[in-house]
Amino acid sequence: DSNQQPIFKLHGSSLWRRQDTSSDLLIIGGQKHTAISNDPLLRWYSDIFRNTLKAENARLMVIGYGYKDGHINRALTEGANSGLKIFNISPEGADAWTETANAGSGSIRGRNFLEPMLIGASRRSILEGANPSKSEYQKINRFF
């Protein structure tokens, strides 16, 4: 719907449980893509994420991501090929790619693939950006 903003929290989720088991659902380690592909819910999230990034005029606000996961970086690269634009919020701001240790895993390591997509950035905390009395609020609000 054109009047709604989808929000997906892809990383840092915890305490997820399946109804039919007492085991936790947590994907860590170097084979995340394979583990995600094998789980119906996470595969569905991944498909929606990738397809949304490839949509016409797609825009993505990234909060606190270090650009170290190959499967996420590939989705961003695919989105960039379709015109994806990114607003990055992190302590590194617009320099997240160059200032984050080990950013750019996989085939995109060593080149700044983020720069052509970047339409804005903030080094301030998301709490400052959510406060209408702060100047950062206006910058973030322009993204939407």
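A salt bridge is a side-chain nitrogen of Lys or Arg within 4 Å of a carboxyl oxygen of Asp or Glu. By this rule, the count in the structure shown above comes to two salt bridges. The structure is a predicted model, and this report describes its salt bridges, a pair of helices and a sheet.

**Salt bridges**

Side chains of opposite charge can pair when their charged atoms come close. The table lists the pairs with the distance between their closest N and O atoms.

| Acidic residue | Basic residue | Closest N and O atoms |
|---|---|---|
| Asp 47 | Arg 50 | 3.1 Å |
| Glu 78 | Lys 54 | 3.8 Å |

Asp 47 and Arg 50 both belong to helix H2, where they are three residues apart, about one turn of the helix. Asp 47 has a relative accessible area of 29% and is partly exposed. Arg 50 is also partly exposed, with a value of 26%.

The salt bridge between Glu 78 and Lys 54 links distant parts of the chain: Glu 78 lies in helix H3, whereas Lys 54 lies in the loop between H2 and S1, 24 residues apart. Glu 78 counts as partly exposed because its relative accessibility is 31%, a value that falls between the limits of 20% for buried and 50% for exposed. Lys 54 is partly exposed as well, at 35%.

**Helices H2 and H3**

Two packed helices are described by the angle between their axes and the distance between the axes. Helix H2 covers residues 40-53 and helix H3 covers residues 70-81; their axes come within 8 Å and cross at roughly 30 degrees. Angles under 35 degrees count as roughly parallel, and H2 and H3 are therefore roughly parallel to each other.

Which residues meet where H2 and H3 are in contact? From H2 come Phe 49, Arg 50 and Leu 53, and from H3 come Ile 72, Ala 75, Leu 76, Glu 78 and Gly 79. The residues of this contact divide into five nonpolar, one polar and two charged. The charged residues Arg 50 and Glu 78 appear again here: Arg 50 forms a salt bridge with Asp 47, and Glu 78 forms a salt bridge with Lys 54.

**The sheet**

Three strands form an open sheet in the order S1-S2-S3, and their pairing is parallel. Strand S1 (59-63) and strand S3 (118-122) are the edge strands, each pairing on one side only. From one strand to the next, the twist averages 15 degrees. Strand S2, residues 85-89, pairs with S3 in the parallel sense over four bridges. Asn 88 stands opposite Ala 121 in S3.

How values were computed. Residues are numbered from 1 along each chain as its sequence is written. This is a predicted model: local features need pLDDT of at least 70, side-chain atom pairs count only at pLDDT 80 or more; totals for chains, interfaces and linings use all residues. Side-chain values use heavy atoms; hydrogens and water are left out. Axes are lines fitted to C-alpha atoms, for helices over the stretch in contact, and angles run from 0 to 180 degrees between N-to-C directions. Helices (H or I, at least four residues) and strands (E, at least two) are DSSP runs, numbered from the N terminus. Angles under 35 degrees count as roughly parallel, over 145 as roughly antiparallel, 65 to 115 as roughly perpendicular and the rest as oblique. Contact means heavy atoms within 4.5 Å. Two strands pair if DSSP finds at least two bridges between them. Buried means under 20% relative accessible area, exposed over 50%, partly exposed in between (1.4 Å probe, protein chains only).
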